[in-house]
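Reader: Hey, could you walk me through this one? I'd like to go over the charged pairs and the cysteines.
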Amino acid sequence: QVQLVESGGGLVQAGDSLRLSCAASGRTFSSRAMGWFRQAPGKEREFVAAINWRGGTTYYADSMKGRFTISRDNARNTCYLQMNSLLLEDTAVYSCAAGPTSIAAQSQTVGTIPFYVYWGQGTQVTVSS
């Protein structure tokens with residue numbers, strides 16, 4: 001079992017930055033791809049970003065490229081999402097997710113919900129004008 005706990009959300013103004021953290025329990029963090037998803041009110045959950053085991057490969061949804069950066073610290077069992085130049089439409093609950101052990105994320109699967117095995121509860125990000 002892996003427990004994921006997100007933190008770092010909050011209320012910010014458009015143009016501000018936030019860094020979300022996802023702390024994972026257990027000893028398998030370094031062998032799992034990690035992803036971030038978000039869900040806005042009345043909308044489906046959507047892929048934001050993902051990172052492979054060692055952090056060498058990252059993936060982003062097109063609308064987040066250049067503004068968001070995903071990273072990980074395997075020594076701290078933590079995955080991060082740095083969000084810059086926040087827009088009103090970035091308002092959502094952001095959740096991190098862990099992929100299966102020893103299966104690398106690939107571009108065809110990394111943005112799909114079924115790839116991920118464990119999910120956090122999410123952290124609210126609200127962007128105001």
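Author: Sure, one term to begin with: buried means under 20% relative accessible area, exposed over 50%, and partly exposed in between (1.4 Å probe, protein chains only). This is a predicted model, where local features need pLDDT of at least 70, side-chain atom pairs count only at pLDDT 80 or more, and totals for chains, interfaces and linings use all residues. Residues are numbered from 1 along each chain as its sequence is written, and side-chain values use heavy atoms, with hydrogens and water left out.

Reader: OK, is Arg76 buried or exposed?
Author: Exposed, since Arg76 has a relative accessible area of 60%. Its side chain meets that of Asp73 in a salt bridge at 3.3 Å, N to O. A salt bridge here is a side-chain nitrogen of Lys or Arg within 4 Å of a carboxyl oxygen of Asp or Glu. Asp73 counts as partly exposed, at 23% relative accessibility.

Reader: How many salt bridges does the structure hold?
Author: Five. Among them, Arg67 pairs with Asp90 at 2.7 Å, N to O. That one links distant parts of the chain: Arg67 sits in the loop between strand S6 (58-60) and S7, Asp90 in the loop between S8 and S9, 23 residues apart. Strands are DSSP runs of E, at least two residues long, numbered from the N terminus.

Reader: And are those two buried or exposed?
Author: Arg67 is buried at 14% relative accessibility, and Asp90 is buried too, at 1%.

Reader: Which residues are linked with them in a network?
Author: Arg38 and Glu46 join Arg67 and Asp90 in a network of salt bridges. Glu46 and Arg38 meet at 2.6 Å, N to O. Arg38 is buried at 7%, while Glu46 is partly exposed at 34%.

Reader: Switching to cysteines. Which ones does a disulfide join?
Author: Cys22 and Cys96, with the sulfurs 2.0 Å apart; the cut-off for a disulfide is a pair of cysteine sulfur atoms within 2.5 Å. Cys22 is in strand S3 and Cys96 in strand S9, 74 residues apart. The structure holds one disulfide, and this link is right-handed, with 60° about the S-S bond.

Reader: Why is Cys79 too far for a bond?
Author: Because the closest cysteine sulfur, in Cys22, is 5.9 Å from the sulfur of Cys79. Cys79 is also buried, at 0% relative accessible area.

Key:
Helices (H or I, at least four residues) and strands (E, at least two) are DSSP runs, numbered from the N terminus.
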